[in-house]
Amino acid sequence: MQAEQTAAEQVAAFRRFNRYFTRRIGALDDHYLGQDRPLGEARLLFEIGDGVSLRALRGRLGLDAGYLSRMAKALEAQGMVRISVHPDDNRLRMVELTPAGHVELEEQNRRADVRTADLLTGLGARQRAELTEAMATARRLLRLAAITVEQIDGAAPDARACLEAYAADLTARFGSFTASDLVGPAEVSGATGAFFVAYEEGRAVGCGGLRTLEPGVGELKHVWVHPDARRLGLARRILDHLERAAAERGLDLLRLDTNASLTEARAMYRAGGYREIPAYVDHVYADHWFEKRLSTSTTAD
């Protein structure tokens, strides 16, 4: 009951902030920043920038295809954008700013800077720094909240693409990391394994695999987060999914190895309850080995 009440209070607080902030920045005005267009069209001009496909805009902004198309056509009718077919793919419609669109976007950015500076006028330097830090925290947590972690087949294209990115990342660190060092799809699929991919706005930004070493013992493999999505807490979330998957498969002990250069990974595992142990496997890139005994509450988390 207490948890439900706390959740309701958090929802109410979030909505109060949204109402206050949208009013303060003028999001409710049909003439956003004093220009002759609402916030939606103004934001679309900003996102179009140097040119982009309508498909990419849909994914980035989470807009309905029909609504986005109507806004783009309205801007085209006003002479702000040009819509064309991609030269190499006639299924893609591209949108770019016209010279008039660039002029309006430049003025929009100038007015937005002035509006923001006015909002901050009443704060001292320390308070501005506090607000900036709070906004960075809010953005980080909202990004994390919007990312989904899904279990997929270890042979799926997104799974292999993540592992290839993982291998490229380690190659940049170690000088070499070959495909033969990657876990096989069958090892992280089915009853004895699992593979998870994290998605942000439809883009795969992280992964992690679980395979069975022996009865009751599992191994974590290739927990990786795209550089753009690091420092959000995403690796910890992927780790939580892997641990629940292990418990569901009757594995009560998890092991992993990692390299000495991956200091952040080692810190995360220690914080997550993993303890360092002697080597349990001979791996060319392994310098540290960890294990964790799962509690019976893991499946209920």
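Which residues does Gln 78 touch, not counting residues up to four places away in sequence? Select Gln 78 and look around: the answer is Arg 37 and Glu 41, where contact means heavy atoms within 4.5 Å.

Before going on, a word on the model. It is predicted, with local features needing pLDDT of at least 70 and side-chain atom pairs counting only at pLDDT 80 or more, while totals for chains, interfaces and linings use all residues. Residues are numbered from 1 along each chain as its sequence is written, and side-chain values use heavy atoms, leaving out hydrogens and water.

**Stop 1: around Gln 78**

Gln 78 sits in the loop between α4 (65–77) and β2. Helices (H or I, at least four residues) and strands (E, at least two) are DSSP runs, numbered from the N terminus. With a relative accessible area of 38%, Gln 78 is partly exposed; buried means under 20%, exposed over 50%, and partly exposed in between, using a 1.4 Å probe and protein chains only. Draw the 2.7 Å polar contact between the side chains of Gln 78 and Arg 37. That term covers a pair of N or O atoms within 3.5 Å; within protein, one must be able to donate a hydrogen and the other to accept it, and residues adjacent in sequence count only if both atoms are side-chain atoms.

Now pick Arg 37 and Glu 41. Their side chains meet in a salt bridge (2.8 Å, N to O), the term for a side-chain nitrogen of Lys or Arg within 4 Å of a carboxyl oxygen of Asp or Glu. Both Arg 37 and Glu 41 are buried.

Add Glu 104, in helix α5 (residues 99–120). Glu 104 is buried too, at 16% relative accessible area. Leaving aside neighbours within four places in sequence, its contacts are Gln 35, Arg 37, Leu 45 and Met 80. For a distance check, measure from Gln 78 to Gly 101: the C-alpha atoms are 9.2 Å apart, with the two positions 23 residues apart in sequence.

**Stop 2: the three-strand sheet**

Colour β1, β3 and β2, in that order across an open, antiparallel sheet. β1 (52–53) and β2 (81–86) are the edge strands, each pairing on one side only. Two strands pair if DSSP finds at least two bridges between them; β2 and β3 (residues 89–97) have six. To find the register, select Ser 84, which stands opposite Met 94 in β3.

**Stop 3: the largest core**

Where should you look for the residues with the most contacts inside the largest nonpolar core? Select Leu 210, Leu 220, Leu 234, Ile 238 and Tyr 274, from a core of 28 residues. A nonpolar core here is a set of buried Ala, Val, Leu, Ile, Met, Phe, Trp, Tyr and Cys residues joined through side-chain atoms within 4.5 Å. At least two residues each come from β5 (193–200), β6 (203–214), β7, α8, β8 and α9. Helix α8 gives the most, with seven residues.

Centre on Ile 238: beyond its neighbours within four places in sequence, its contacts include Val 149, Ala 198, Cys 207 and Trp 224. Another core, of 19 residues, lies apart from the largest one, and includes Leu 182, Cys 207, Trp 224 and Tyr 285.

**Stop 4: salt bridges**

The structure holds 22 salt bridges. Start with Glu 219 and Arg 211, whose side chains meet at 2.8 Å, N to O. Glu 219 counts as buried because its relative accessibility is 2%.

Then show Glu 264 and Arg 231, a salt bridge with its closest N and O atoms 3.1 Å apart. Glu 264 lies in helix α9 (residues 263–271) and Arg 231 in the loop between β7 (217–225) and α8 (234–248), so the pair ties together parts 33 residues apart in sequence. Both residues are exposed.

Salt bridges with shared partners also join Arg 236, Asp 240, Glu 243 and Lys 292 into one network. Within it, zoom in on Glu 243 in helix α8. Glu 243 is buried, at 5% relative accessibility, and its side chain makes a polar contact of 3.2 Å with that of Lys 292.

**Stop 5: strand β10**

Lys 292 leads you to β10, where the residue facing it is Leu 254. Strand β10 (residues 288–293) has five of its six residues buried. β10 pairs antiparallel with β8 (residues 253–258) over six bridges, and with β9 (residues 275–277), also antiparallel, over three. Finish on Ile 277, opposite Trp 289 in β10.
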